[in-house]
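Visitor: Please give me a close look at the inside of this chain, and then at the residues around it. Plain terms will do.

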Amino acid sequence: MPDIALVNQDGKVIHFSNYRGKVLLVTFIYTRCPLPDFCPRMNENFHAVQKLLQEVPGATERAEFLSISFDPEHDTPAVLKHYASLYKNSEPGGKPFDWQFAAPSQKDLPELAQFFGLVYQPEQAQIVHSLSTTVIGPNGKVEKWFADNEWTPADAAQAIAGVIQRG
């Protein structure tokens with residue numbers, strides 16, 4: 001997996017290698033997405049996966065979440081921080097998961113998109129794109145890939161729980 005630098009919602013540089021030893025669920029979004037079945041749905045699904053994983057022993061310590069923007073020119077750390085606040089809320093009594101919102105450089109976006117099997121095309125006010133949500137194991141290898149928006153939170157939670165239970 002390419003270890004591309006991303007800038008998160010706090011302005012910190014993070015890399016995929018930062019997630020070694022963890023199970024990572026990663027998807028792609030942009031904050032201005034007007035289609036409720038695309039980016040907003042992925043974020044709602046991530047929140048629902050976190051709720052389901054509350055019941056899995058060790059999940060809050062071993063599973064992390066990453067939403068990567070297709071729109072690094074617009075989705076600055078400040079924009080991502082505000083956007084993250086709309087989705088990152090813990091369940092009452094639940095432990096929070098680490099969920100980062102980040103963007104690559106414009107230069108690194110094509111390599112990242114190619115690795116994850118994404119097609120994207122900026123067009124005026126929106127970005128036309130495919131979807132890709134991936135479970136990456138603690139060793140950095142792809143464990144499960146969802147190529148569309150038809151996956152359910154239960155599908156992803158089951159894939160993550162399976163990786164955690166294997167150790």
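Guide: The account below starts with the core, moves to two residues and a helix, and ends at the surface. This is a predicted model, in which local features need pLDDT of at least 70 and side-chain atom pairs count only at pLDDT 80 or more, while totals for chains, interfaces and linings use all residues. Numbering starts from 1 along each chain as its sequence is written, and side-chain values use heavy atoms, leaving out hydrogens and water.

The largest nonpolar core contains 50 residues. Such a core is a set of buried Ala, Val, Leu, Ile, Met, Phe, Trp, Tyr and Cys residues joined through side-chain atoms within 4.5 Å. Buried means under 20% relative accessible area, exposed means over 50%, and partly exposed lies in between (1.4 Å probe, protein chains only). Phe16, Val49, Leu53, Leu66 and Ile160 have the most contacts inside this core. Among the elements that each supply at least two of its residues are strand S3 (23-29), helix H1 (39-53), strand S4 (63-69) and helix H5 (153-166). H5 gives the largest share, seven residues. Helices (H or I, at least four residues) and strands (E, at least two) are DSSP runs, numbered from the N terminus.

Take Phe16 first. Not counting residues up to four places away in sequence, Phe16 touches residues including Met1, Leu24, Leu66 and Phe116; contact means heavy atoms within 4.5 Å. Leu24 and Leu66 are also among the contacts of Tyr19, as are Ile14, Glu64, Asp98 and Gln100. Tyr19 lies in the loop between S2 and S3 and is buried, at 6% relative accessibility.

Val49 and Leu53, two of the residues with the most core contacts, are buried residues of H1. Others in that helix include Cys39, Met42, Asn43, Phe46 and Gln50. H1 has 15 residues and reaches 21 Å from its first C-alpha to its last, close to the 21 Å expected at 1.5 Å a residue. The expected span is 1.5 Å times one less than the number of residues.

Glu64, met above as a contact of Tyr19, pairs with Lys22 in a salt bridge of 3.7 Å, N to O. A salt bridge is a side-chain nitrogen of Lys or Arg within 4 Å of a carboxyl oxygen of Asp or Glu. This pair links distant parts of the chain, with Glu64 in strand S4 and Lys22 in the loop between S2 and S3, 42 residues apart. Glu64 counts as buried at 12% relative accessibility, while Lys22 is partly exposed at 24%.

The structure has five salt bridges. Another joins Asp10 and Lys81, with 2.6 Å between the closest N and O atoms. Here too distant parts are linked: Asp10 sits in the loop between strand S1 (6-8) and strand S2 (13-14), and Lys81 in helix H3, 71 residues apart. Asp10 is partly exposed at 44%, and Lys81 is partly exposed at 45%. Lys107 and Asp108 form a further bridge, at 3.1 Å. Lys107 is exposed at 68% relative accessibility, whereas Asp108 is buried at 16%.

Last comes the outside. Met1, a contact of Phe16, joins Phe115, Val142 and Trp145 in a nonpolar surface patch of about 370 Å². Trp145 is found in strand S9 (residues 142-146) and is partly exposed, with a relative accessible area of 44%.

Notes:
Patches are made of residues with over 30% relative accessible area and no salt bridge: like charges are joined within 9 Å, nonpolar side chains (Val, Leu, Ile, Met, Phe, Trp, Tyr) within 5 Å. Accessible areas come from the Shrake-Rupley method with a 1.4 Å probe; for residues, only the protein chains shown count as cover.
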